[in-house]
Amino acid sequence: MHVRYSRETPGEGSLTLETDETTTTMGFPTTERWDTWESTSETVTLPAGESTVTLRQTPEDGGGAYLDAVAITDPGDPMPDPPESPIREPADPAFQFVEDVPAAGWDDTVVVDAEIGEYTVTARRKGEEWFLGAMTGDTGRALEIPLSFLDGEYVAEMYSDGPDAEWDTNLTDVTVEEVIVDESTTLSASMVTSGGMAVRFRPPEDGEADSLPAYEGPNQSVSVSLSSAVGFGEPFVSVTGENTGSTVGGTLLEVVVDGEVSATELVRIPAGESDYSGMLSASIGGGGEYDVVVRGATARRWRRGRSPSAPTPGPAGRRPNPIPPAGSGPDSPVSRGCWASPAGRPTRSADASPRRTARTDTVCCSCLPVRPHECGRSIPKRPTRNSMGRGGHAPPGRKAKDLTERRAQVRTNGF
């Protein structure tokens with residue numbers, strides 16, 4: 001009897017071979033990889049007539065084997081070629097990352113961003129290649145991932161949640177693309193509930209640096225409207241928007257009912273979509289009249305080791321405590337530890353008269369233009385390639401637009 005198999009598990013491997021009259025152990029030597037197929041054989045004696053031959057793994061057997069074909073021939077005959085290749089169809093491109101990522105032996109590990117119980121972004125290097133993984137928990141999330149750990153240009157092989165991906169109904173919608181990135185690039189990861197993103201960074205091969213496109217993130221904007229009267233338990237927040245970028249966008253919205261956050265949902269608009277419309281699943285579970293606010297839940301990303309308390313400007317030559325001043329909210333230009341005016345908007349210089357304003361030529365912490373006296377450190381503004389620089393912000397028009405708050409009195413019908 002001949003068996004075609006693959007087995008990359010180290011150590012001795014075996015299966016139990018049973019016939020109607022005998023039981024024996026059949027050995028399976030290790031192959032180079034799981035998709036490298038070898039043949040092994042075992043002599044069995046069968047009586048005249050029909051017989052049942054079984055291969056099974058028992059608790060006494062060691063090392064599992066992948067079986068592709070079994071053939072019973074006359075003694076001395078070779079194993080015939082199987083009618084089909086062991087790989088019966090092309091592998092799903094979404095699983096190529098699993099093929100490429102090393103199992104061990106990392107040279108470097110960088111935790112790019114994380115919040116315990118919420119999400120994590122980790123990058124690891126093996127030789128000249130980096131591998132990045134991002135995942136989120138039970139809340140859909142849009143993260144900005146700076147690639148400052150890179151050094152030079154790389155091809156980014158990106159595997160991300162597709163436009164129609166859903167954690168409970170559509171697990172197979174995956175977008176695969178190749179783009180050129182470098183250390184000044186910031187990736188946008190739009191992840192559904194329990195979703196994620198995986199990226200392999202490799203040095204470009206001949207001509208790829210010129211033939212592949214540079215990474216361009218989403219450019220998504222949304223607006224919402226609220227129904228003033230709805231039925232009990234019915235959705236009442238409609239969303240419209242567009243995404244003129246080249247990747248799926250993500251805008252996190254909060255529905256606040258009578259001052260309490262009732263729901264947080266991620267609106268994901270496909271690339272190039274100019275006429276998006278949909279409904280948030282948020283509803284009100286009782287009759288009566290409610291004050292409702294829908295606002296953009298712009299992620300305030302406190303630096304690790306800090307807590308969100310009052311701001312404390314640092315001494316000259318050091319960055320300030322990255323906590324925005326009281327009263328800042330999702331519509332304020334506060335982000336990444338700087339309190340700044342929007343790009344291009346005039347700010348009052350320290351020595352300006354009440355009727356005079358001046359534009360600044362410096363940035364705070366590689367951020368947007370600010371009043372120099374508000375920050376302990378001002379450094380020259382530097383250009384970015386196609387997205388955020390090291391700790392900086394995307395150029396105007398590149399970042400998804402924040403949502404202005406929408407407020408309404410909502411009345412629901414009871415049972």
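1. Asp275 counts as exposed in this predicted model, because its relative accessibility is 64%, where exposed means over 50% relative accessible area, buried under 20% and partly exposed in between (1.4 Å probe, protein chains only). The residue lies in the loop between strand S19 (260-267) and S20. Its C-alpha atom is separated by 6.3 Å from that of Gly241, 34 residues apart along the chain.

2. On conventions, residues are numbered from 1 along each chain as its sequence is written, and side-chain values use heavy atoms, with hydrogens and water left out. As the model is predicted, local features need pLDDT of at least 70 and side-chain atom pairs count only at pLDDT 80 or more, while totals for chains, interfaces and linings use all residues.

3. Confidence should be read by region. The average pLDDT (the predictor's confidence in each residue, from 0 to 100) is 74 for the protein, and 69% of the residues score at least 70. The stretch 298-402 has pLDDT below 50, yet in the model it has 178 contacts beyond near neighbours in sequence; a contact means heavy atoms within 4.5 Å.

4. The protein holds two helices and 24 strands. These elements are DSSP runs numbered from the N terminus: helices are H or I runs of at least four residues, and strands are E runs of at least two. Of the 415 residues in the protein, 38% are buried. Among contacts between residues at least 6 apart in sequence, 65% join residues at least 24 apart.

5. The loop of Asp275 precedes a strand of an open three-stranded sheet, ordered S15-S17-S20 with antiparallel pairing. Strands count as paired if DSSP finds at least two bridges between them. The edge strands, each pairing on one side only, are S15 (220-226) and S20 (276-279). Neighbouring strands of this sheet are turned by 20 degrees against each other on average, direction ignored; the axes are lines fitted to C-alpha atoms, and angles run from 0 to 180 degrees between N-to-C directions. Four bridges join S17 (residues 237-243) to S20, and Thr240 has Ser277 in S20 as its bridge partner.

6. A further open sheet comprises six strands in the order S7-S8-S9-S14-S11-S12, again with antiparallel pairing. Strands S7 (108-115) and S12 (174-181) are its edges, each pairing on one side only. The average turn between neighbouring strands is 15 degrees, direction ignored. Within this sheet, S8 (residues 119-126) and S9 (residues 129-136) run antiparallel and are joined by eight bridges; Val121 stands opposite Ala134 in S9.

7. Arg200 merits inspection. This residue belongs to strand S14 (residues 196-202) and is buried, because its relative accessible area is 16%. Its side chain makes a polar contact with the side chain of Glu129 at 2.7 Å. A polar contact is a pair of N or O atoms within 3.5 Å; within protein, one must be able to donate a hydrogen and the other to accept it, and residues adjacent in sequence count only if both atoms are side-chain atoms. Not counting residues up to four places away in sequence, Arg200 touches several residues, including Phe97, Asp100, Trp130 and Glu157.

8. The search of the whole structure finds six aromatic pairs. Rings of Phe, Tyr and Trp (its six-membered ring) pair if their centres lie within 6.5 Å; planes under 30 degrees apart count as stacked, over 60 as edge-to-face and the rest as tilted. Phe97 and Tyr159 are edge-to-face because their planes stand at 65 degrees, with ring centres 5.8 Å apart. This pair links distant parts of the chain, with Phe97 in helix H1 (residues 96-100) and Tyr159 in strand S11 (residues 154-161), 62 residues apart. Phe97 is buried at a relative accessible area of 15%, and Tyr159 is buried at 9%.

9. Phe149 and Phe201 form an edge-to-face pair because their planes are at 75 degrees, with ring centres 6.0 Å apart. They are 52 residues apart: Phe149 lies in the loop between strand S10 (141-146) and S11, and Phe201 in strand S14. Phe149 counts as buried at 15% relative accessibility, and Phe201 counts as buried at 0%.

10. Finally, ring pairs link Phe97, Trp106, Phe131 and Tyr159 into a cluster. Two of its members, Phe97 and Phe131, are among the residues that Arg200 touches.
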